[in-house]
Amino acid sequence: MLVLVAPGQGAQAPGFLTPWLDLPGVTERLEEWSAATELDLVHYGTRADADAIRDTAVAQPLLVAAGLVSAQQLFATPADVGRLAGAAAGHSVGEITVAAATGVLAPEAAMSLVRQRGLAMAKAAAVAETGMSAVLGGEPETVVAHLEELGLTPANMNGAGQIVAAGTAEQLAALAGNKPEKARVIALKVAGAFHTHHMAPAVDTLAALVPDLDVNAPSTAYVSNKDGQVVAGGGEIVQRLVDQVSNPVRWDRCMETFQRLGVTGMIELCPGGTLSGLAKRALPGVKTVALKTPDDLEAARELIVDATSAAPSSADAVGVSSADQTAE
């Protein structure tokens, strides 16, 4: 069984979209989404420096655009995702990528939503000096208790020995000076305490946009960050996307669900690497392909065929060129 996943904020790097623009139709698609977001996604994905694309209001639309560009090279339509992938999930903002890839939202609607999400979260982050730090190693229960003693939130429970703490600068400084037993602490270059109560104003902003969204059921099993549960209704998925902004990401539970569903292969959309690395530690034996450049597409197509035991017609579907695909 194949699972399709999409990374979250922090996965981007300067110039990471450059090789993708060599594929037919990609530049035009990015220009359409640039108009929807009022951002020059081609510029930010190819020429902007690390500081520019670290901005939450830029990073989030850029990541969703990159994920969809790569998804559309493998799956012509959301129906193909449903036919070839047994499940899909995104980490944090990656949930919006997957919502579009599985047909819950049209790509243009997803891009507009993620632009507003990024702006709202950036605004909320500017209220106070907050941030996030990765805690690597240690016993999970001990780490969580230690974070709570310091007033920090375990904002990302990533599994594979990784928990991300979020809170004020003072709280994170206390963590750096008082680490949990047998754990390392690494400060992350993010602009705020995402997935905590500090993001509550952003939740209100996004909630006001929901009534205007055209929502559909996902084409495959959609695994939610909230609790790792499979959610079948498009309306509930969108509501979870809104609430998720101020709630912890439970990627550990998502991976537990993948395992329960019988995952044998995982494709991580561009810019891949982070979630594949977690899977290699938490899901031993599962084959992974991380889409970093178009050179990785052939390995992804092979994994789709292997994981699904596809008939020749399915193999033909995953080989559809971008020139034959349509922007959803």
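Which residues does Leu291 touch, not counting residues up to four places away in sequence? In this predicted model, the partners of Leu291 are Trp20, Ser70, Leu74, Ile267, Glu268, Leu269, Cys270, Pro271, Gly272, Asp296, Leu297 and Ala300.

Leu291 is a good place to start a tour of the interior. The largest nonpolar core has 75 residues, and Ile267 and Leu291 touch the most other members. Helix 4 (residues 56–74) gives the most to this core, with 10 residues. There is also a second, separate core of 17 residues, which includes Val5, Ala87, Ala279 and Val286. As general background, nonpolar side chains tend to be buried together in soluble globular proteins.

Now to the sheet. Six strands form an open sheet with mixed pairing, in the order 8-7-2-1-9-10. Strand 8 (230–231) and strand 10 (287–290) are the edge strands, each pairing on one side only. Helix 14 (residues 297–308) packs on the sheet, where it touches strand 1, strand 9 and strand 10. The direction of helix 14 makes about 150 degrees with that of strand 10. Strand 1 (residues 2–6) pairs with strand 9 (residues 265–268) in the parallel sense, over four bridges. One of the residues in this pairing is Val5, whose bridge partner in strand 9 is Glu268. Val5 also belongs to the second core, while Glu268 is among the residues that Leu291 touches.

Stepping back, here is the protein chain as a whole.

| Property of the protein chain | Value |
|---|---|
| Helices and strands | 15 helices and 10 strands |
| Span of the C-alpha trace along its principal axes | about 55 × 45 × 35 Å |
| Buried residues | 54% of the 328 residues |
| Exposed area | about 12800 Å² |
| Part of the exposed area from carbon and sulfur atoms | 51% |

The radius of gyration of the chain is 19 Å, close to the 20 Å that the globule rule gives for 328 residues, so the chain is as compact as a globular protein of that length. Among contacts with a separation of 6 or more, 74% come from residues 24 or more positions apart.

For a contrast with the core, look at Pro211. Is Pro211 buried or exposed? Its relative accessibility is 68%, so Pro211 counts as exposed, the cut-off being over 50%. Pro211 is found in the loop between helix 10 (200–207) and strand 7 (221–223). Thr274 is 63 residues from Pro211 along the chain, and the C-alpha atoms of the two are separated by 33 Å.

How values were computed
Residues are numbered from 1 along each chain as its sequence is written. This is a predicted model: local features need pLDDT of at least 70, side-chain atom pairs count only at pLDDT 80 or more; totals for chains, interfaces and linings use all residues. Side-chain values use heavy atoms; hydrogens and water are left out. Two strands pair if DSSP finds at least two bridges between them. Helices (H or I, at least four residues) and strands (E, at least two) are DSSP runs, numbered from the N terminus. Contact means heavy atoms within 4.5 Å. Axes are lines fitted to C-alpha atoms, for helices over the stretch in contact, and angles run from 0 to 180 degrees between N-to-C directions. The radius of gyration is taken over C-alpha atoms; the globule rule is 2.2 Å times the number of residues to the power 0.38. Buried means under 20% relative accessible area, exposed over 50%, partly exposed in between (1.4 Å probe, protein chains only). Accessible areas come from the Shrake-Rupley method with a 1.4 Å probe; for residues, only the protein chains shown count as cover. A nonpolar core is a set of buried Ala, Val, Leu, Ile, Met, Phe, Trp, Tyr and Cys residues joined through side-chain atoms within 4.5 Å.
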